[in-house]
Amino acid sequence: MKRTIFEADHDHFRDTVRAFCEKEIAPNHEHWEKDSIVPRELWTKAGELGLLGFMMPEELGGGGIDDFRFNAVLAEEIVRVGGSGVGFGIQTDLVSGYLQRYASEEQKKRWYPKFCTGEMITAIAMTEPGTGSDLQGIQTTARRDGDEYVINGAKTFITNGINADWVIVVCKTDAEAGAMGFSLIVVERGAEGFERGRNLDKIGLKAQDTAELFFDNVRVPVSNLLGEENQGFVYLMENLPQERLIISVIAAAACRHMIDMTLEYVKERKAFGKPIGSFQNTRFTMAELETEQQIAQVFVDRSIMELLEGNLSVADAAMGKWWTTELQKRTADTCLQMHGGYGYMSEYRISKAYLDTRIQTIYGGTTEVMKEIVGRTMGL
């Protein structure tokens, strides 16, 4: 089915992103995976082309176009070249939303310009060693001391954690208020007591630096508080639908990418004297994958438009997140099987896609948590 949500400006942007991905990411990504990190130069190159701050106001260095369809285009093209681990999405899809909604005018003037140029790499630190999808279990504290907060605690699985110059840290500022006692506080590189642990060794998304962060009496000016004190949990809930939607966008794009590479393979690979794509089992399997991907794409595209109109619900975002990522898992497994023994070899793109896929049903809220959310909205 022809996708109808994009307009001419999005198509032009896609051309720019595709050229950037093919020139800067595709030839270098394997090397970055070995290094377990993306060089900072990639960020500044992306910033020069306006790929990081298109949603920010022009007067502060951005593109002045707050339209999530551009986010979708960027994510889809990065997936297309197998570069899901470059880490741009944290900046463009997550952190940007918090800044746009909750940053003060002073903070915007201070942070936006370098955010847009890629000189400032950002991250958001929610997950802790003892908590996963249950954000209410956060234990990192921020105690007010005059004009400063004193932060103590630890975070883990933080994307861009090594490269980040600037991290939104979810902290407990009122120990007696439960989830209603969280705040979002920005910690910047160089703050005394702010340490980075290991660049974690993952099975997939190898180029994406994912770190442990430690806070030992880190003093941060009160001016680094995002929004209002003790409103952090509310802010997280307001932004999670967009976070889960971009994961769905990536899932649908990854399915498309895996189906295309597998279709190419089964047309060329021969068994018993003819292409394996000519066997009925292959045709039926590919037909199933194609059908499910297109159905998923329709839901994702509808969700994108719902977000633009301000109508994407927490439940709808959760439905899309769990269903598309589970589809991505099934697609990855089936496509690898279609490659036979070669699918198990690291040099084949499908093996990398298979490993990169596995995290999708975990971060942003596990499949089980997404189903719990949907079930509760049904009155159960």
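So, L226. In this predicted model, leaving out residues up to four places away in sequence, L226 touches Y98, L99, Y102, A103, Q107, W111, I168, L184, V186 and Y235. Keep that list in mind, since some of those names are about to come back.

Zoom out a bit. L226 sits in the largest nonpolar core, which has 67 residues. Along with L226, the residues with the most contacts inside that core are F88, Y98, L99, I168 and V249. And which helix gives the most to this core? That's helix 7, with 9 residues. There's also another core lying apart from it, of 20 residues, and I158, C171, F215 and L225 are among them.

Okay, on to the strands. Strand 7 covers residues 210-221, and here's who it pairs with. Strand 3, residues 148-159, runs antiparallel to strand 7, with 9 bridges between them. If you want to find that pairing on screen, look for Y149, whose bridge partner in strand 7 is V220. Strand 6, residues 194-199, also pairs with strand 7 in the antiparallel sense, over 4 bridges. There you can look for E195, which has F214 as its bridge partner in strand 7. One thing to remember as you click along: in a regular strand, side chains alternate between the two faces of the sheet.

Now helices. Helix 10 is residues 349-357, and its buried residues are I350, S351, K352, A353, D356 and T357. Yes, K352 and D356 really are on that buried list. What covers them? The cover includes helix 2 (29-35), helix 7 (232-268) and helix 9 (314-338). So that's helix 7 again, the one that gives the most to the largest core.

Then there's helix 8, residues 280-308. With 29 residues, helix 8 reaches 42 Å from first C-alpha to last, close to the 42 Å expected at 1.5 Å a residue. After helix 8 comes G310, with a positive phi, near 75 degrees.

Last stop, the second largest pocket. How much space lies in it? About 490 Å³. The pocket is lined by 23 residues, and the closest to its centre are R3, E76, R256, Q293 and Q297. Helix 8 gives the most to that lining, with 7 residues. Helix 1 (8-25), helix 4 (68-80), helix 7 and helix 8 each supply at least two lining residues. So if you're opening the model this afternoon, try helix 7: you'll meet it in the largest core, over helix 10 and in the pocket lining.

How values were computed: Residues are numbered from 1 along each chain as its sequence is written. This is a predicted model: local features need pLDDT of at least 70, side-chain atom pairs count only at pLDDT 80 or more; totals for chains, interfaces and linings use all residues. Side-chain values use heavy atoms; hydrogens and water are left out. Two strands pair if DSSP finds at least two bridges between them. Buried means under 20% relative accessible area, exposed over 50%, partly exposed in between (1.4 Å probe, protein chains only). Contact means heavy atoms within 4.5 Å. A nonpolar core is a set of buried Ala, Val, Leu, Ile, Met, Phe, Trp, Tyr and Cys residues joined through side-chain atoms within 4.5 Å. The expected span of a helix is 1.5 Å times one less than its number of residues. On a 1 Å grid over the protein atoms alone, a cavity is a set of points where a 1.4 Å probe fits but cannot get out, and a pocket is an open set with protein on both sides within 12 Å along at least five of seven lines; lining residues have an atom within 4 Å of a point. Grid points are joined across faces, edges and corners, and a volume is the space filled by probe spheres set on the points.
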